[in-house]
Amino acid sequence: MSRSLRRGALAATVLTLSIASLSACAAGNDAATLQVKPDNAATSVGDIKIQNAVVITQPKPDAKGPAVVSATVFNSSAQDQTLNSVTVDGSGQQAELKPAKGSGKITVPAGGSVVIGGKGNASATLSSGREAVKDGDAQKVTFDFSRTGKVSLRAFVVPATSYFKDYGPVEVPQPSQSASATPSGAASPSESGKPSEGAHAGGH
């Protein structure tokens, strides 16, 4: 009798633990889904590793203006490396590079990293990005470093919305309505000529 009781208690314990572990797994999966980040491009060549590379365009499809390349660059070597250029296939142009502070080229410190894109970080800007790349495409992006040389990968082209909002182009062009309003205002002087016609008719 005592053995059967022990077996029953043991079975109940195992069942409880199984349910608890399943519940924990379910909660963990749900928690993970809430923090899913886009699957962005990554690659490594020699001492250089590039992660989260994307080309970010203007937030609205009909808006013209600059696009930016956003990425995190790691340098595992014992010497600094300079990022000489960033080019996007199909754009026909090199990105304008600016360090986070000051002027000159972007330096990736030895054993360190540099974030390109976003407020307060280094930047790589394509002056006419919207005309050169299309949202949803995967464009070949090439980073050229002083020591490692060229590192290429295919990066998704995405608009500056949602997760990418804070990493998109700084200058977002606004449609100018003042220009269209000017001609309507300019038409008012021509109306002032009508009374003169009436006066001429009265004189006749």
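# Chatting through a predicted fold

Modeller: Let's start with D47, which sits in the loop between β1 (41–45) and β2. Keep in mind that this is a predicted model.

Biologist: Okay, is D47 buried or exposed?

Modeller: In between: D47 has a relative accessibility of 37%, so it counts as partly exposed.

Biologist: And what does D47 touch, not counting residues up to four places away in sequence?

Modeller: D47 touches F74, N75, S76, S77, Q81 and T148. Take S77: it is 30 residues from D47 in sequence, yet the two C-alpha atoms are 5.4 Å apart.

Biologist: You mentioned Q81. What's its bridge partner in β6?

Modeller: That's V108. β4 and β6 run antiparallel, with 3 bridges joining them.

Biologist: How many bridges does β4 make with β9?

Modeller: There are 5, again in the antiparallel sense. In that pairing, L83 stands opposite F145 of β9.

Biologist: Let me zoom out. How many helices and strands does the protein have?

Modeller: It has 5 helices and 10 strands. The chain is 204 residues, and buried residues make up 29% of them.

Biologist: What share of the contacts with a separation of 6 or more comes from residues 24 or more positions apart?

Modeller: Those account for 65%.

Biologist: What about the surface, how much area does the protein expose?

Modeller: About 13,000 Å², and carbon and sulfur atoms supply 55% of that.

Biologist: Now the inside. Which residues touch the most other members in the largest nonpolar core?

Modeller: I50, F143 and F145, in a core of 28 residues. The elements giving two or more residues to this core are β2, β3, β4 (81–88), β6 (106–108), β7 (113–116), β8, β9 (138–145) and β10 (149–159).

Biologist: Pick F143. What is it in contact with, leaving aside neighbours within four places in sequence?

Modeller: F143 is in contact with I50, V69, A71, L83, S85, V86, I116, G149, K150, V151 and L153. Apart from that core lies another one of 6 residues, including V54, V68, V158 and F164.

Biologist: Back to the strands. Which residues of β8 are on its covered face?

Modeller: A124 and L126 are on the covered face, while S123 and T125 are on the uncovered one. In general, side chains in a regular strand alternate between the two faces of the sheet.

Biologist: Which residue stands opposite T125 from β3?

Modeller: V68 does. Strand β3 (residues 67–75) pairs with β8 in the antiparallel sense over 2 bridges. T125 is also the bridge partner of E96, and strand β5 (residues 96–98) is joined to β8 by 3 bridges, again antiparallel.

Biologist: Since you bring up E96, what does K98 form with it?

Modeller: A salt bridge, with the closest N and O atoms 3.9 Å apart. A search of the whole structure finds 1 salt bridge.

Biologist: Are those two ends buried or exposed?

Modeller: Neither, going by the numbers: K98 is at 45% relative accessibility, so it counts as partly exposed. E96 is at 47%, so it counts as partly exposed too.

Biologist: Switching to glutamines. Where is Q58 found?

Modeller: Q58 is in the loop between β2 and β3. Its relative accessibility is 0%, so Q58 counts as buried.

Biologist: What does the side chain of Q58 reach?

Modeller: The backbone oxygen of P66, at 2.9 Å.

Biologist: And Q139, where's that one?

Modeller: Q139 is in strand β9. At 13% relative accessibility, Q139 falls under the 20% cut-off and therefore counts as buried. A polar atom of its side chain lies 2.5 Å from the backbone oxygen of D89.

Biologist: What else is Q139 in contact with, neighbours within four places aside?

Modeller: Besides D89, Q139 contacts V88, G90, V133, L153, R154, A155 and V157.

Biologist: Last one. What's the phi of N52?

Modeller: Near 55°, a positive value in a residue other than glycine. Most residues other than glycine have a negative phi. N52 has its place in strand β2 (residues 48–57), and with a relative accessible area of 40% N52 is partly exposed.

Terms used:
Residues are numbered from 1 along each chain as its sequence is written. This is a predicted model: local features need pLDDT of at least 70, side-chain atom pairs count only at pLDDT 80 or more; totals for chains, interfaces and linings use all residues. Side-chain values use heavy atoms; hydrogens and water are left out. Buried means under 20% relative accessible area, exposed over 50%, partly exposed in between (1.4 Å probe, protein chains only). Helices (H or I, at least four residues) and strands (E, at least two) are DSSP runs, numbered from the N terminus. Two strands pair if DSSP finds at least two bridges between them. A polar contact is a pair of N or O atoms within 3.5 Å; within protein, one must be able to donate a hydrogen and the other to accept it, and residues adjacent in sequence count only if both atoms are side-chain atoms. A nonpolar core is a set of buried Ala, Val, Leu, Ile, Met, Phe, Trp, Tyr and Cys residues joined through side-chain atoms within 4.5 Å. Contact means heavy atoms within 4.5 Å. Accessible areas come from the Shrake-Rupley method with a 1.4 Å probe; for residues, only the protein chains shown count as cover. A salt bridge is a side-chain nitrogen of Lys or Arg within 4 Å of a carboxyl oxygen of Asp or Glu.
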